[in-house]
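Open the model in a viewer with a selection box ready. The tour goes stop by stop, with something to select at each one.

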Amino acid sequence: MSGKRASLLAMFIALSVVGALIKIPSVIGSVALDAFPALVAAVLLGSRSGAVIAGFGHLLSALIVGFPLGPMHLLIAAEMAVLVWLFGALYEKSKRKIAVGLFLVGNGVIAPLPFLFMLGTGFYMAIMPGLVVASAINLVLAMALIPRLATIFEKKGLASL
């Protein structure tokens, strides 16, 4: 890994930490704006990089509020990593609308499904609106920043890292 790539990964993880501090009102306190740097990184640095940043971002967001769901946050971090990886892979193949739709539905509706079975319908129905809203906000921010940052990355020769 080059020094530039390591620095970019560290920068996106730091942005994810800042996003983790900006919480979306929800039943659990770990719903935040930690995913948008990962979504941006998945497009600019590759799906794997975005997935790593998404996993770290969620764990940091959960850490800030004291891991309200305990070890289940490891499952959530893995789900986030997979969803961001898929977003990046689809975006790269110019399937942007599918990437956006999959992340929105995947993070807001599908990813919390294990909690339906573990904690019941009431908990699932309580967390879903906050997750959908947070997913939408993360996507809007990412989709607004990606084209602007892509131009800068291309000019600076960072897109090939």
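The stops below cover helix pairs, single residues within helices, and two loop positions in what is a predicted model.

**Stop 1: α4 and α5**

Select residues 72-92, which form helix α4, and residues 96-110, which form helix α5. Two packed helices are described by the angle between their axes and the distance between the axes. For α4 and α5, the axes cross at roughly 170° and come within 8 Å. Angles over 145 degrees count as roughly antiparallel, so α4 is roughly antiparallel to α5.

To see the contact, show side chains on both helices. From α4, pick Met 80, Leu 83, Val 84, Leu 86, Phe 87, Leu 90 and Tyr 91. Their counterparts on α5 are Arg 96, Ile 98, Ala 99, Val 100, Leu 102, Phe 103, Gly 106 and Asn 107. Colour this α4–α5 contact by residue class and it shows twelve nonpolar residues, two polar and one charged.

**Stop 2: the loop between α4 and α5**

Select Ser 94, in the loop that lies between α4 and α5. What is the sign of phi at Ser 94? It is positive, at about 60°, although Ser 94 is not a glycine. Most residues other than glycine have a negative phi. Ser 94 counts as exposed because its relative accessibility is 55%, and the cut-off for exposed is over 50%.

**Stop 3: the loop before α4**

Move to Phe 67, in the loop between α3 (47-64) and α4. Phe 67 also has a positive phi without being a glycine, here of about 50°. Its relative accessibility of 32% makes Phe 67 partly exposed.

**Stop 4: two positions on α4**

Return to α4 and select Leu 75, which belongs to this helix. Leu 75 has a relative accessible area of 34% and is therefore partly exposed. Expand the selection to residues in contact, leaving out neighbours within four places in sequence, and Leu 75 picks up Pro 114 and Met 118. For a distance label, use the C-alpha atoms of Leu 75 and Pro 112: they are 9.9 Å apart, with these positions 37 residues apart along the chain.

Next select Ala 77, also placed in α4. Is Ala 77 buried or exposed? Its relative accessible area is 7%, so Ala 77 is buried. With neighbours within four places in sequence left aside, the contacts of Ala 77 are Gly 55, His 58 and Leu 59. A second C-alpha label can run from Ala 77 to Val 133, which is 56 residues away along the chain; the separation is 18 Å.

**Stop 5: α5 and α7**

Keep α5 and add helix α7, residues 121-155. The axes of α5 and α7 come within 7 Å and cross at roughly 150°. This angle makes α5 roughly antiparallel to α7, and the crossing is right-handed.

On the α5 side of the contact, select Val 100, Phe 103, Leu 104, Asn 107, Gly 108 and Val 109. On the α7 side, select Tyr 124, Met 128, Leu 131, Val 132, Ser 135, Ala 136, Leu 139 and Met 143. By class, the residues of the α5–α7 contact are eleven nonpolar, three polar and no charged.

**Stop 6: Ser 135**

Zoom in on Ser 135, in helix α7. Ser 135 counts as buried because its relative accessibility is 0%. Which side chain makes a polar contact with that of Ser 135? It is the side chain of Asn 107, at 2.7 Å. Beyond the neighbours within four places in sequence, Ser 135 is in contact with Phe 103, Leu 104, Asn 107 and Gly 108.

**Stop 7: α2 and α7**

Keep α7 and add helix α2, residues 36-44. The pair packs at an angle of about 40°, with the axes 9 Å apart. That angle makes α2 oblique to α7. The crossing of these two helices is right-handed.

Select the α2 side of the contact as Phe 36, Leu 39, Val 40, Val 43 and Leu 44. The α7 side consists of Asn 138, Leu 139, Leu 141, Ala 142, Leu 145, Ile 146, Leu 149, Ala 150 and Phe 153. Coloured by class, the α2–α7 contact has 13 nonpolar residues, one polar and no charged.

Notes
Residues are numbered from 1 along each chain as its sequence is written. This is a predicted model: local features need pLDDT of at least 70, side-chain atom pairs count only at pLDDT 80 or more; totals for chains, interfaces and linings use all residues. Side-chain values use heavy atoms; hydrogens and water are left out. Axes are lines fitted to C-alpha atoms, for helices over the stretch in contact, and angles run from 0 to 180 degrees between N-to-C directions. Helices (H or I, at least four residues) and strands (E, at least two) are DSSP runs, numbered from the N terminus. Angles under 35 degrees count as roughly parallel, over 145 as roughly antiparallel, 65 to 115 as roughly perpendicular and the rest as oblique. A crossing is left-handed if the near helix is turned anticlockwise from the far one by less than a right angle, and right-handed if clockwise. Contact means heavy atoms within 4.5 Å. Ala, Val, Leu, Ile, Met, Phe, Trp, Tyr, Cys and Pro count as nonpolar, Asp, Glu, Lys and Arg as charged, and the others, Gly among them, as polar. Buried means under 20% relative accessible area, exposed over 50%, partly exposed in between (1.4 Å probe, protein chains only). A polar contact is a pair of N or O atoms within 3.5 Å; within protein, one must be able to donate a hydrogen and the other to accept it, and residues adjacent in sequence count only if both atoms are side-chain atoms.
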